[in-house]
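I opened this notebook to keep a record of what I looked up, one topic at a time. The entries go from sheet to helix to charged side chains.

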Amino acid sequence: MTSTPLRRAALVGTSVLVLTGTCTLPAPAASAPVPAPEALPLGAPGLAETRTTTTLQPGVTLTRVVRGAPDPALHWVVEVAVPSAPTSPDPAAAPRAVQDEAAARAHAATLAAAGLPAEVQPVQQPELADVPGGTIGYRVRLTERFATQQAADDAVARLAAAGSAGRSWYTGWDGGTAAGGPWTVDVVTVDPARFDGEVRATYGPDLERREPTTGLAALADASVAVNGGFFVFDPQAGAEGDPAGVGVYDGSLESEPVGARPALVVDEGTGEADVDRPRWRGELVSAELLLTLDGTNRVPGLVRNCGGTVDDAPTWQPRHDVTCTDDAELVAFTPAFGATTPAGEGTEVVLDDDVVVEVRAGRGVALAEGQTSVQGTGVYGEALATLDAGERVDVRAALVDRDGMRLDVADRTVVNGGPELVRDGREHVTLARDGMVHPGNPSFQYGWALQRNPRTFAGVDADGRLLLVVADGRQVDHLGLSVPETAAVARALGMVEAVNLDGGGSTTLAVDGQLASSPSDTAGERPVGDAVVVTAGG
């Protein structure tokens, strides 16, 4: 079904719309007919779809879309971790969910001999903007089907006793399958023509301290909020909570981009938005030095999601959920980072109004109000050690937009994301360019992009309205979306530009500071690095 999405921003209170298959709304009392919204392209075309819209403040609505219903044809299975073989792309790799066909068939035969019959199934990649369609590898699942997760868990235990590993898996989470549902998708729409508040990203007390989306929403007195961009989750990958990509908050550039990965750019005062691919430019200039600045507000030497400089290992290109390393870096810090800057070897120069007030052997200092610092490791540390107190140092950091022009960040929010989902009104998924395809490891692509997970994404529709979307997932009653499905849903919601934000256990919707979605982590709502909040006008 193809039609113009329903404009609902002018509605007051709550309205409910139920779609079953192809649905046409009756004309309202006013003269012009209202076009029916486009049903979400999930499951079979005839699934029931319920939409409930609530006005949260002038120019801001929340629409909950529930599609389908529990499907008795879905069941639990056991997915097996397949050991590498001499035929595998990486024969030394640990067991993985997806391997080459020879390794998969060899392991299935081993399981059968142990009394655990198994199936070898191809894993299909749909064609995307920068990824060809076809079989990327093979998975192995036990043949037996289970009605409950507990029964599948018991089979996992039997698998372990036989010397193999696996996990319980619900077949409704297989991306691209014609499951009956249910799906839950929440859509926040901000109409700049009627909006009188503010849309911005916030990270709480400082970048290091993660906060749940509900907490960030409450601190901002927000009518609605969604989780924001990717962030450091493991302290071994850097400063926990630090944005793992570009971050601009209240017009201040606090984190550098990952290569040229896409980001959501929002005018905080109007809600007008765009999807761009900002690049980083940074340098340190003194009377004697001209040095390239690698980044800001992160641990030197640790580059989460990669996308840094050509001397980074193992790659300078974006590589999602990988921490690249570099033993010689120059990183700037602002008070936004945390109570102290990262400790370690190297040199740290403390600045006050661009004047050196201290040159420290070793890194790690509490910055006073108004102070900033620059840390150097390797040759950069040696260079910083030549500076003297009282010397003037200019630290320059900026973003360059997709047209090569300096991106004006004043009064703007920039939230990191990836991959791109929609461009110029067409589905345009850049899975490889943005680092979600790992060479030699199709298991990452399979689990992160092709299977259904909770997703948070954002974009702009043809009327210039900002859409912030949360899709619950990884639960029996909330199936979630694959990345290709996410792009299709974004397009069906009317987006002409769209980008994926952080998902999985981070995916959260808060309304009036209260949890309004169903996070997938067993522990409940996950503290995140930042959130996009919508507040009312003063």
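The entries below concern a predicted model.

**Entry 1: a sheet and the helix on it**

I began with the strand order and found an open sheet of 5 strands, arranged E9-E35-E11-E32-E33, with antiparallel pairing. Strand E9 (198-202) and strand E33 (514-515) stand at the edges, and because each has a single partner strand, one side of each is left without a neighbour in the sheet. I then checked what lies against this sheet, and found that helix H3 (residues 213-220) packs on it, with contacts to E9, E11, strand E32 (509-511), E33 and E35. The direction of helix H3 makes about 35° with that of E35.

For one pairing I went down to the residues: strand E11 (residues 224-227) and strand E35 (residues 531-535) run antiparallel to one another and are joined over 4 bridges. Within this pairing, Val226 has Val532 of E35 as its bridge partner. I note as background that strands of a sheet pair through backbone hydrogen bonds, either parallel or antiparallel.

**Entry 2: helix H5**

Is helix H5 mostly covered or mostly open? I looked up its residues, 442-450, and found that 8 of the 9 are buried, so I entered the helix as mostly covered, taking buried to mean under 20% relative accessible area. The buried residues are Pro442, Ser443, Phe444, Gln445, Tyr446, Trp448, Ala449 and Leu450. I kept Tyr446 in mind, since this residue comes back in the next entry.

**Entry 3: Arg139**

Arg139 has its place in strand E6 (residues 134-142), and at 14% relative accessibility it counts as buried. I asked which side chains it meets through polar contacts, and recorded Gln121 at 2.7 Å and Tyr446 of the entry above at 3.1 Å. Leaving aside residues up to four places away in sequence, I listed the residues that Arg139 touches as Glu79, Ala97, Glu119, Val120, Gln121, Val123, Asp174 and Tyr446. Two of these, Glu79 and Asp174, reappear with Arg139 in a network of salt bridges that also links Arg141 and Arg167.

**Entry 4: salt bridges**

How many salt bridges does the model hold? The count comes to 27, and I looked at three pairs in detail.

- Arg51 forms a salt bridge with Glu49, the closest N and O atoms being 2.7 Å apart. Arg51 is buried, with a relative accessible area of 9%, and Glu49 is buried as well, at 0%.
- Arg105 and Glu101 meet through their side chains in a salt bridge of 2.9 Å, N to O. The two are 4 residues apart in helix H1 (residues 101-113), which means that about one helical turn separates them. Both are partly exposed, Arg105 with a relative accessible area of 44% and Glu101 with 33%.
- Asp321 and Arg304 also meet in a salt bridge, at 3.8 Å, N to O. Asp321 lies in strand E20 (residues 318-325) and Arg304 in strand E19 (residues 302-306), so this pair ties together parts that are 17 residues apart in sequence. Asp321 is partly exposed, with a relative accessible area of 37%.

As background to the helical pair, I add that an α-helix has 3.6 residues a turn, so residues three or four places apart point the same way.

Note on methods: Residues are numbered from 1 along each chain as its sequence is written. This is a predicted model: local features need pLDDT of at least 70, side-chain atom pairs count only at pLDDT 80 or more; totals for chains, interfaces and linings use all residues. Side-chain values use heavy atoms; hydrogens and water are left out. Two strands pair if DSSP finds at least two bridges between them. Contact means heavy atoms within 4.5 Å. Axes are lines fitted to C-alpha atoms, for helices over the stretch in contact, and angles run from 0 to 180 degrees between N-to-C directions. Buried means under 20% relative accessible area, exposed over 50%, partly exposed in between (1.4 Å probe, protein chains only). A polar contact is a pair of N or O atoms within 3.5 Å; within protein, one must be able to donate a hydrogen and the other to accept it, and residues adjacent in sequence count only if both atoms are side-chain atoms. A salt bridge is a side-chain nitrogen of Lys or Arg within 4 Å of a carboxyl oxygen of Asp or Glu.
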